[in-house]
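Let's take a walk through this chain together, one region at a time. Keep the viewer open and turn the model as we go.

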Amino acid sequence: MGTGTVVLVVLAVLGAGGLVGVLVQAGRREAEAEKARLADQARVQAVRSMEAVWAMGPREFEEYVADLCRRDGCTEVLRVGAANDLGADVMGQLPDGRKLVVQCKRYAKHRTVGSPDLQKFNGTARSEHGADVPLFVASCKFTKQARAFAARHGLVLVDVFSDCQRRARVAR
């Protein structure tokens with residue numbers, strides 16, 4: 001092979017390598033753009049989800065929470081909330097067999113759940129309903145005092161508002 005042929009082969013390889021580099025960079029830009037689009041879509045969906053939750057009535061919110069329990073593997077899930085329900089709106093069995101008792105509060109986004117709500121639930125979840133896992137689900141945030149009370153008494157707190165915001169941030 002002559003020197004001219006070697007030079008041509010080297011130039012062809014370098015040209016192909018440059019083309020591959022350009023294609024890889026374009027692919028990376030497209031992947032980043034798609035990631036940003038999906039993150040924006042997740043943020044919009046989180047806001048829509050919360051707007052839908054805040055538009056629900058109390059009974060509808062309890063059904064929504066019951067459906068989430070079923071989705072996450074709970075069995076024997078029943079919405080039991082009614083007047084004089086002694087703090088139990090949803091009951092079921094966790095996948096490991098423990099009894100779950102849920103109190104649901106669908107409040108407006110500007111409200112908070114305070115310690116008094118948790119104290120009432122704590123007074124009945126285990127003694128009246130036999131909860132192994134007492135779960136309090138709210139559509140708004142819990143106060144600092146409520147979180148401290150829950151930690152001291154082994155109550156599980158979920159606020160769907162913060163959960164939706166967290167999922168939107170993770171999607172970014």
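Before we start, one term: two residues are in contact here when heavy atoms of theirs lie within 4.5 Å. Please also keep in mind that this is a predicted model.

Let's begin with the whole chain. It holds 5 helices and 7 strands, and their order along the sequence is α-α-β-β-β-β-α-β-β-α-β-α. Of the 172 residues, 34% are buried. If you take the contacts with a separation of 6 or more, 54% of them join residues 24 or more positions apart. The exposed surface comes to about 10,500 Å², with carbon and sulfur atoms supplying 58% of that area.

Now move to the loop between helix H2 (58-71) and strand S1, where you will find Asp72. Asp72 is partly exposed, at a relative accessible area of 48%. Its C-alpha lies 8.6 Å from that of Pro95, although 23 residues separate Asp72 and Pro95 in sequence. Just along the chain is S1 itself (residues 75-79), which contains Glu76. Have a look at the backbone there: Glu76 is not a glycine, yet its phi is positive, about 50°. Is Glu76 buried or exposed? With 65% relative accessibility, Glu76 counts as exposed, because the cut-off for that class is over 50%.

S1 runs antiparallel to strand S2 (residues 90-93), and 3 bridges join S1 and S2. One place to see this pairing is Thr75, whose bridge partner in S2 is Gln93. S2 also pairs with S3, again in the antiparallel sense, over 4 bridges. Here Gly92 stands opposite Leu100 of S3. The hairpin made by S2 and S3 has 5 residues between its strands, and among them Gly97 takes a positive phi near 95°.

Next, step back to the loop between S1 and S2 and pick out Gly87. Gly87 counts as buried because its relative accessibility is 14% and the cut-off is under 20%. Which residues is Gly87 in contact with, leaving aside its neighbours within four places in sequence? They are Val102, Gln103, Phe121, Thr124 and His129. For Thr124, the C-alpha distance to Gly87 is 6.6 Å, across 37 residues of sequence.

Thr124 and Phe121 bring us to helix H3 (115-125). Both are among the buried residues of H3, together with Ser115, Asp117, Leu118, Asn122 and Ala125. What do the buried residues of H3 pack against? Their partners are strand S3 (99-105), S4, S5, S6, H4 and S7.

Phe121 also leads us to the aromatic rings, since Phe121, Phe136 and Phe142 form one aromatic cluster. The chain has 3 aromatic pairs. One of them joins Phe136 and Phe142 edge-to-face, with 5.7 Å from centre to centre and 75° between the planes. Phe136 and Phe142 are both buried. Elsewhere, a charged side chain meets a ring: Arg111 lies over the face of Tyr107, 3.8 Å from the ring centre.

Turn now to helix H4 (residues 144-153). Its buried residues are Ala146, Phe149 and Ala150. Looking down the axis of H4, you will see that these buried residues fall within an arc of 100°, so they line one face of the helix. The face turned away from that buried side carries the exposed residues Lys144, Gln145, Ala151 and Arg152. And what do the buried residues of H4 pack against? They pack against strand S4 (112-113), H3, strand S6 (141-142) and S7. After H4 comes Gly154, which has a positive phi near 70°.

Our last stop is strand S7 (residues 156-159). S7 pairs in the parallel sense with strand S5 (residues 133-138), over 4 bridges. In this pairing, Val137 has Val158 of S7 as its bridge partner. In a regular strand the side chains alternate between the two faces of the sheet. You can follow this pattern along S7: Leu157 and Asp159 point to one face and are buried, whereas Val156 and Val158 point to the other and are not.

Notes: Residues are numbered from 1 along each chain as its sequence is written. This is a predicted model: local features need pLDDT of at least 70, side-chain atom pairs count only at pLDDT 80 or more; totals for chains, interfaces and linings use all residues. Side-chain values use heavy atoms; hydrogens and water are left out. Buried means under 20% relative accessible area, exposed over 50%, partly exposed in between (1.4 Å probe, protein chains only). Helices (H or I, at least four residues) and strands (E, at least two) are DSSP runs, numbered from the N terminus. Two strands pair if DSSP finds at least two bridges between them. The arc is that of the directions from the helix axis to the C-beta atoms. Rings of Phe, Tyr and Trp (its six-membered ring) pair if their centres lie within 6.5 Å; planes under 30 degrees apart count as stacked, over 60 as edge-to-face and the rest as tilted. A charge sits over a ring if NZ of Lys or CZ of Arg is within 6 Å of the ring centre and within 35 degrees of the ring normal. Accessible areas come from the Shrake-Rupley method with a 1.4 Å probe; for residues, only the protein chains shown count as cover.
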